[in-house]
Amino acid sequence: MSRPETRHDFDPYDGEPGKAWDDFDERLLNFTSGKTDDRGYSIADTLLEQDEGAANGPALPIGAPQELRKAQAAARRRQKDAFSILLRHQTHPDHVKHLSANHFQDGVNAYKYLKASSQTAVNAIRLRELRRLWDDLDMMEIVGVQEHSVARLATKIVAQNAEFPNANRKDRTECTERLM
C-alpha cells in the first residue's frame, strides 16, 4: 500500500534548528492568522496564547453557561486544528513521533515544544550580529538609486527591525534616523 502524498499549505519544517525554524515560524503564523472561527479568534491567536481563555487573552465568558460552552468548544477546536497544521507541516520523523506521543491534539504545547527546541537562541552574540546588520544598512548597496529607493529602504529597515527580539526592537525614531 502506498503512502498518500501529504499536501502542504506552505513550506514544511524539516527539523533543522535555527534559521529554518525562524522562517517556518513566520510562515506558520502568517498562514494560521487567516484561519479564524466564528468567535473571531485565529489559530495564530491560539498558538500565541492570545485567544479567549488563554494566558494572554481575554477571560472566558461568565454568567451564561451556553456562551461558556460555546467558547470552550471553539477553544478546543482551535487547539486541535493548530496541532493538525503543525503535524502536517513537519517532515522530521522524530518531531512527528514526539508531537504525536506527547502533545496529541494540543496545539499550544506542540508549538511550545518546537519553538523551544528549534528557534535561534537570542544571546549577546546574536544581538551583536543583528546590530551589525542594522548598522550596515545602506541605500546604495541595498536598493540603489531608483524612483522608489527611499520607500524600499524604509521597507528593508522595518524588516530588519523585525529580526530583533521584541525587547530589543528599535522605536520609530531610531528607524527614522536609520533612514537618514
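A residue here is buried under 20% relative accessible area, exposed over 50% and partly exposed in between (1.4 Å probe, protein chains only). What you are looking at is a predicted model, in which local features need pLDDT of at least 70 and side-chain atom pairs count only at pLDDT 80 or more, while totals for chains, interfaces and linings use all residues. Residues are numbered from 1 along each chain as its sequence is written, and side-chain values use heavy atoms, with hydrogens and water left out.

**View A. Confidence along the protein chain, from helix H2 to helix H7.** Start with pLDDT, the predictor's confidence in each residue, from 0 to 100. Its mean over the protein chain is 90, and 97% of the residues reach 70 or more. Among the elements, helix H2 (residues 43-47) has the highest mean, 96, and helix H7 (residues 139-142) has the lowest, 79. Helices are DSSP runs (H or I, at least four residues), numbered from the N terminus as strands (E, at least two) would be.

**View B. Trp21 and Phe24, a tilted ring pair in helix H1.** Rings of Phe, Tyr and Trp (its six-membered ring) pair if their centres lie within 6.5 Å; planes under 30 degrees apart are stacked, over 60 edge-to-face, and the rest tilted. The whole structure holds 8 such aromatic pairs. In the one shown here, the rings of Trp21 and Phe24 sit 5.5 Å centre to centre, with 50 degrees between the planes. Both residues belong to H1 (residues 19-32), 3 residues apart, or about one turn of the helix. Both are buried. They are also part of a cluster that ring pairs build from Phe10, Tyr13, Trp21, Phe24, Phe31 and Tyr111.

**View C. The two faces of H1: buried residues on one side, with Lys19 and Asn30 on the other.** First, a check on length: the expected span of a helix is 1.5 Å times one less than its number of residues. For the 14 residues of H1 that gives 20 Å, which agrees with end C-alpha atoms 20 Å apart. Trp21, Phe24, Asp25, Leu28, Leu29 and Thr32 are the buried residues to pick out in H1. They cover an arc of only 130 degrees around the axis (going by the directions from the axis to the C-beta atoms), which puts them on the same side of H1. Turn to the other side of the helix and Lys19 and Asn30 are exposed. The buried residues of H1 pack against H2, H3 and H5.

**View D. The largest nonpolar core, with Leu28 as a way in.** A nonpolar core is a set of buried Ala, Val, Leu, Ile, Met, Phe, Trp, Tyr and Cys residues joined through side-chain atoms within 4.5 Å. The largest one has 17 residues, of which Trp21, Phe24, Leu28, Leu47, Leu86 and Tyr111 touch the most other members. H1, H2, H3 and H5 each supply at least two residues of this core. Apart from it lies another core, of 9 residues, among them Leu130, Leu137, Ile157 and Phe164. Back at Leu28, the contacts (heavy atoms within 4.5 Å) are with Phe10, Leu47, Ile85, Leu86 and Tyr111, leaving aside neighbours within four places in sequence.

**View E. Around the loop between H4 and H5: Gln105 and Asn102.** Gln105 sits in the loop between H4 and H5. Its phi is positive, about 60 degrees, although Gln105 is not a glycine. With a relative accessible area of 34%, Gln105 is partly exposed. Asn102, in helix H4, is partly exposed too, at 48%. Its C-alpha atom is 28 Å from that of Leu68, 34 residues apart along the chain.

**View F. Glu49, a positive phi in the loop between H2 and H3.** Phi of Glu49, a residue other than glycine, is near 55 degrees. At 22% relative accessibility, Glu49 counts as partly exposed.

**View G. Ile142 in helix H7 and the residues it touches.** Not counting residues up to four places away in sequence, Ile142 touches Leu137, Leu153 and Lys156. Ile142 and Arg152, 10 residues apart in sequence, are 8.7 Å apart in space, C-alpha to C-alpha. Ile142 has a relative accessible area of 33%, which makes it partly exposed.
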